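These are my working notes on a structure that I went through element by element. I recorded what I looked up and in what order.

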Amino acid sequence: MPAALELKAVHKSFGKTAIINGVDLAIEKGERHAVIGPNGAGKSTLFNLISGRFAVTSGSILLNGEPITGLQPQQINHRGLARSFQITNIFPKLSVFENLRCAVLWSLGYKYSFWQRVGGLKDVRERADELVGMIGLQKRRDTVAGVLSYAEQRALEIGITIGGGADVILLDEPTAGMSNTETADAVALIRNVTVGKTLVMVEHDMSVVFGLADRISVLVYGQVIATGTPQEIRGNKAVQEAYLGAEVE
Amino acid sequence: MSAMFPWRRLLVWSAMAAVMIVAPLVFTQGFAVSMLSQMGIAIIFALSYNMLLGQTGMLSFGHAVYFGLGAFFAAHALNAIGANTLGWPVSLLPLIGGAAGLVFGVIFGYITTKHSGTPFAMISLGIAEMVAACSLMFPSFFGGEGGISTDRVVGNPVMGVDFGPSIQVYYLIAAWCFVCMIAMFALTQTPLGRMANAVRDNPERARFVGYNPTRVRFFMLSLAGFFAGIAGALEVINFGNVLLMAFIGGIGHFYGPIIGAVLVTFLQSALSNYTQAWLLYFGLFFLVMILFAPGGIASLLTLHKPAVQTRTFGRLLLPYAGAAAAAAILMLGLVALVEMLYHLETKAEQVGTVMSLFGRQMDTATAQPWIVAAGILLVGGVLLVFVARFVRAGWGHVTVAVNRAKGI
């Protein structure tokens with residue numbers, strides 16, 4: 001069985017500055033995988049390469065064994081990969097429900113249709129309302145997304161990401177900037193919505209990483225210096241030197 | 001979106017239909033009927049433009065292209081009907097214009113929608129220039145500077161309707177206008193229409209939920225071209241006022257462009273009867289709207305919704321009346337100055353420096369009327385600043401009431 005997501009010798013340079021220096025990574029189906037590393041290690045860039053936001057300089061990326069290198073973001077999305085953003089990236093003028101409706105339309109096959117009334121599409125409405133419930137925003141269903149609290153917008157961000165039913169989910173710092181209780185809620189939400197899916201996430205909060213991840217990759221200066229279970233990563237000398245020593249008490 | 005039957009919407013549309021049917025019976029002068037016809041066309045065109053600017057966030061300077069090409073194809077079709085080489089009812093002529101608009105929307109849309117934002121605006125401008133240049137290069141099709149003339153009274157009359165009298169033309173336009181309004185509104189309620197809003201607000205996120213923003217823009221532009229072509233077929237009107245209409249009405253609201261189209265057409269037709277300086281007033285009006293109500297008239301109406309809901313609108317009435325009076329004085333002074341200046345600059349040589357203004361004779365060569373007008377302008381301005389305080393106080397009451405209603 002091919003890996004859910006596989007990176008082979010991926011390089012990315014901006015001008016002469018190399019950000020990603022040959023990353024090899026294989027993430028199995030159903031795995032929850034965390035990418036950690038110090039600021040500027042290239043974690044977000046890695047996500048941008050996988051999701052098609054940036055083109056790789058060299059190397060290849062495979063989704064379920066099929067190459068997705070060089071595809072447009074929407075084409076990668078159609079092949080079953082969805083991502084969230086570190087900086088909240090929603091439709092601020094649309095309501096919570098409408099945001100989620102936008103996220104499900106394509107996957108339910110409506111594409112660019114202009115001959116159907118969207119209000120009359122029962123499957124779209126039910127799926128969007130199910131998502132509203134999953135992210136716990138029932139009371140905010142018809143509120144314009146731009147006025148939601150930060151934690152609510154982060155929840156909506158996750159809702160939009162999983163809305164299309166992709167089976168590989170990339171979450172970029174889903175709990176950044178949250179209080180402890182908000183983080184606990186977010187972790188429960190992520191655990192809940194990624195059941196049966198493959199999850200890759202970038203995260204700085206070590207309690208989240210060690211609580212959620214089956215395996216962890218450590219990215220330093222654009223290279224993966226270690227990949228393994230949380231126990232293996234904790235015990236890895238190179239990781240402690242490069243990164244963990246400074247942040248984990 | 002509630003699953004219930006939208007009674008309220010039905011009421012709005014019925015009211016609109018009733019107004020369109022009754023309007024020419026109330027305003028019976030020939031001038032009024034032709035103006036109402038223009039309004040109908042302007043509404044279709046402005047709404048089709050709003051599909052781009054308001055719904056999809058595309059600032060196009062080339063939308064008149066689809067209107068114009070729709071008009072030319074329709075004109076040739078009409079002449080062919082007249083020459084009996086084409087069997088097609090005149091009442092369905094707009095479909096030909098629409099088809100032309102759609103075809104060119106597809107062609108030009110394919111080129112222009114690869115870009116968005118400012119590059120799109122610039123390329124759309126380029127296409128408009130290109131088509132304008134073509135109109136002089138291919139006189140056999142475009143009729144050169146004279147254009148092509150047509151006769152609408154062709155084909156067989158259906159139940160006595162031959163589109164000779166302007167009232168019949170009005171009802172044809174009104175019917176098309178109504179159908180187009182409903183069609184364009186319905187479009188906003190489809191998956192494409194909703195994704196157009198999503199692309200407008202955040203094109204990047206739209207990509208990551210599976211939609212290609214370029215494709216969404218392309219479809220919206222093609223369909224907008226279709227409706228613009230219908231408007232073009234209904235009548236060749238002045239170019240260039242589309243952008244203005246969308247702004248004055250309010251680009252974020254579906255009904256906005258309708259308000260704008262009606263108002264602009266009215267200003268154009270009515271104001272130009274009274275003064276040569278109407279373009280200046282028109283420009284000033286546009287400027288004031290952009291400065292003080294950038295969301296357009298529709299947004300001004302929306303702004304007052306909470307005041308009406310909390311029953312505090314009464315608090316605003318008196319301050320508004322005061323502000324209106326002050327603004328009227330200000331405008332009186334301004335209009336007097338502008339009219340005297342126009343008279344002095346453009347007419348004084350032929351008819352002398354004496355002119356009649358607001359029913360009074362005045363000599364624009366003397367200082368007195370200038371001083372009086374400037375004085376009125378100044379008094380109006382000072383009053384307006386003074387009254388603004390009360391308007392703010394009134395809004396203070398409204399805000400308190402709104403917050404109380406929200407439980408804050």
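The entries below cover the sheet of one chain, the contact between the chains, and a few single residues.

**Entry 1. Status of the model.** I note at the outset that this is a predicted model. I read every value that follows as computed from the predicted model.

**Entry 2. The sheet of chain A.** I began with strand order. Four strands of chain A make an open sheet in the order 2-1-4-5, and the pairing is antiparallel. I then asked which strands stand at the edges. They are strand 2 (17-27) and strand 5 (66-67) of chain A; each has a single partner strand, so one side of each lacks a neighbour in the sheet. For the background I recalled that strands of a sheet pair through backbone hydrogen bonds, in either a parallel or an antiparallel sense.

I next went through the pairings of strand 1 of chain A. Strand 1 (residues 5-14) and strand 4 (residues 58-63) of chain A are joined by five bridges in the antiparallel sense. I picked out one position here: Glu6(A) has Leu62(A) of strand 4 of chain A as its bridge partner. Helix 1 (residues 43-50) of chain A packs on this sheet and touches strand 1, strand 2 and strand 4 of chain A. The direction of helix 1 makes about 65° with that of strand 2 of chain A.

Strand 1 and strand 2 of chain A also run antiparallel, with eight bridges between them. His11(A) has Asn21(A) in strand 2 of chain A as its bridge partner. The two strands form a hairpin with two residues between them. I checked the turn and found that Gly15(A) has a positive phi of about 65°.

**Entry 3. Leu62(A).** I returned to this residue, which lies in strand 4 of chain A. Why does Leu62(A) count as partly exposed? The reason is its 17 C-beta neighbours inside 10 Å, whereas a buried residue needs 20 or more. Leaving aside residues up to four places away in sequence, Leu62(A) touches Glu6(A), Pro67(A) and Ile68(A). Glu6(A) is thus listed both as a contact of Leu62(A) and as its bridge partner. I also looked up a separation: Leu62(A) and His78(A) are 16 residues apart in sequence and 14 Å apart in space, C-alpha to C-alpha.

**Entry 4. The contact between the chains.** How many residues does each chain give to the contact? I read 33 residues from chain A and 25 residues from chain B. On the side of chain B that touches chain A, helix 8 (191-201), helix 9 (203-208) and helix 10 (213-234) of chain B each supply at least two residues. Helix 8 of chain B gives the largest share of that side, eight residues. By class, the side of chain B that touches chain A has twelve nonpolar, seven polar and six charged residues.

**Entry 5. Helix 3 of chain A against helix 8 of chain B.** The axes of helix 3 (residues 96-105) of chain A and helix 8 of chain B come within 10 Å and cross at roughly 115°. The crossing is left-handed. On one side I listed Glu98(A), Arg101(A), Cys102(A) and Leu105(A); they meet Pro191(B), Arg194(B), Met195(B) and Ala198(B) on the other. The contact of these two helices has five nonpolar, no polar and three charged residues.

I then asked how many residues of each helix are buried. In helix 3 of chain A, ten of ten are buried. These buried residues pack against helix 4 (122-134) and helix 5 (150-163) of chain A, together with helix 8 of chain B. In helix 8 of chain B, ten of eleven are buried, including Arg194(B) and Arg200(B).

**Entry 6. Chain B and the core.** I counted 17 helices and two strands in chain B, and 38% of its 408 residues are buried. Among contacts in chain B between residues at least 6 apart in sequence, 77% join residues at least 24 apart.

The largest nonpolar core has 155 residues, of which Ile43(B), Ile44(B), Met195(B) and Phe227(B) touch the most other members. Beyond four places in sequence, Phe227(B) touches Ile44(B), Leu47(B), Ser48(B), Gly98(B), Cys180(B) and Met184(B).

**Entry 7. Leu284(B).** My last lookup was Leu284(B), in helix 13 (residues 278-292) of chain B. Leu284(B) counts as partly exposed because it has 14 C-beta neighbours inside 10 Å. Between Leu284(B) and Trp176(B) there are 33 Å in space, C-alpha to C-alpha, at 108 residues apart in sequence.

How values were computed
Residues numbered from 1 in each chain as written. Chains lettered and ligands numbered in written order. Predicted model: local features only at pLDDT ≥ 70, side-chain atom pairs only at ≥ 80, totals over all residues. Contact = placed C-beta atoms within 7 Å. Nonpolar A, V, L, I, M, F, W, Y, C, P; charged D, E, K, R; others polar. Axes fitted to C-alpha atoms, helices over the stretch in contact; angles between N-to-C directions. Left-handed = near helix turned anticlockwise from the far one by under 90°. Core = buried A, V, L, I, M, F, W, Y, C linked by C-beta atoms within 7 Å. Buried ≥ 20, exposed ≤ 12 C-beta atoms within 10 Å, placed from the backbone. Pairing = 2+ DSSP bridges.
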